[in-house]
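Hi there,

Here is the structure I promised to pass along. Please open it alongside this message, and my notes follow underneath.

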Amino acid sequence: MKLRVRRTISFPLFPFLFSLGLAAADAQPYPSKPIRFIVPFAPGGGTDVLARLLAQRLTETLGQAVVVDNRPGAGGVIGADIAAKAPADGYTLVLGSPGSLTINPNLKRTPYDTLRDFAPITLATISPFVLVLNPSVPASSVKQLIALARSKPGQLNYGSAGNGSVSHFSSEQFKSLAGVDLTHIPFKGAGPAVADLLAGRLHLMFENLPTVIAHVRAGKLKLLAVGTRTRSKIVPEYPTVAEAGVPGYESSTAFGALAPARTPTTVITRLNRDLVQYLRSAGIREKMAAQGVEAMGGTPQDYAAHLREELAKYGRIVKAAGIKAD
């Protein structure tokens, strides 16, 4: 009688089970847990309001909580840097701004590379920077303002939200292209600058439309032109700075949603679809327009192209005006 010997193949059981667990986790549909939406600004401002609207929309469509995480500081750089270093798994998003993505990189004030370290999802909103004057300034058009400034070199002053702010860059771009000499007076934020403009201590300012639109409508400020390439849908009666006499001028502020680089394409596509549907809906467009903001929505590739253009534009302004980081 022959005995049969059973041969068994042995292998470590724990690593095998662990790998199965990882595979099961990877197979879970996205999203399977709450998502963090970093806002590089303090609560309560316009950017925070926008982020909460987008977060609420994604919460509804994704079936998971999208939690706003305010991380202000350094002109948006601190929050953006946290997002750039987060795992590329779709569970960290960030609201991008000109300061964090296109201005500060040109001033060498960022530990990240905008084009390398982020995956654009969609451009969310855009609003023009507008040229506004104190009503006492004797100019009713861009050409009249240029003539006045050339007749009084260095005697007209403009305010900004601070060195390196969008309002500062907008004004320096105007100075360069129009060939005028204006005196810069920086403030710690747009609010104090607008207050001095209203009081007549400043002659003019380039500022974001939502910040000044109420003063314009009340007749307390005089709006000459908008900085976008085409007329604003919010105030279509005003010409662009370019068509009013300064060819090549363009200045706006844009906010968009991004994720860390190398976030799976399927995740980016899903988030893009949900946000674009929302941003293109009549309700949100009307809500944004009332605040002087145009809701956008487009492909990740569109937003990437926008960032490249803005980086190049601010680079030219930095070089021409000799702007240095504080």
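Below is what turned up, starting with the salt bridges and ending with one asparagine.

Please keep in mind that this is a predicted model. Searching the whole structure gives 14 salt bridges, and I will walk you through a few of them.

Let me begin with Arg36 and Asp69, whose side chains form a salt bridge at 3.4 Å, N to O. This pair joins distant parts of the chain: Arg36 belongs to strand 1 (residues 35-39) and Asp69 to strand 2 (residues 66-70), 33 residues apart. The two partners fall into separate accessibility classes: Arg36 is partly exposed, with a relative accessible area of 28%, while Asp69 is buried at 18%. Asp69 gets that label because 18% is under the 20% cut-off for buried. There is also a third participant, since Arg36, Asp69 and Arg71 are linked in a network of salt bridges.

Next comes a loop. Arg231 and Glu243 meet through their side chains in a salt bridge of 3.0 Å, N to O. Both residues sit in the loop between strand 8 (222-226) and strand 9 (252-260), 12 residues apart. Each one is partly exposed, Arg231 with 39% relative accessibility and Glu243 with 47%.

For a buried pair, have a look at helix 12 (residues 300-321), which holds both Lys313 and Glu310. What separates these two along the helix? They are 3 residues apart, so about one helical turn lies between them. Their salt bridge has its closest N and O atoms 3.3 Å apart. Lys313 is buried at 8% relative accessibility, and Glu310 is buried at 6%.

Finally, a residue with a polar side chain to inspect: Asn272, found in helix 10 (residues 265-279). Is Asn272 buried or exposed? Its relative accessible area is 13%, so Asn272 counts as buried. Which backbone oxygen does the Asn272 side chain reach? That of Ile121, at a distance of 2.8 Å. Leaving aside residues up to four places away in sequence, Asn272 touches Ile121, Thr122, Gly298, Thr299 and Pro300. Ile121 therefore appears twice for Asn272, as a residue it touches and as the owner of the backbone oxygen its side chain reaches.

That is everything from my side for now. Happy browsing, and do write back with any questions.

Best wishes

How values were computed:
Residues are numbered from 1 along each chain as its sequence is written. This is a predicted model: local features need pLDDT of at least 70, side-chain atom pairs count only at pLDDT 80 or more; totals for chains, interfaces and linings use all residues. Side-chain values use heavy atoms; hydrogens and water are left out. Helices (H or I, at least four residues) and strands (E, at least two) are DSSP runs, numbered from the N terminus. Buried means under 20% relative accessible area, exposed over 50%, partly exposed in between (1.4 Å probe, protein chains only). A polar contact is a pair of N or O atoms within 3.5 Å; within protein, one must be able to donate a hydrogen and the other to accept it, and residues adjacent in sequence count only if both atoms are side-chain atoms. Contact means heavy atoms within 4.5 Å. A salt bridge is a side-chain nitrogen of Lys or Arg within 4 Å of a carboxyl oxygen of Asp or Glu.
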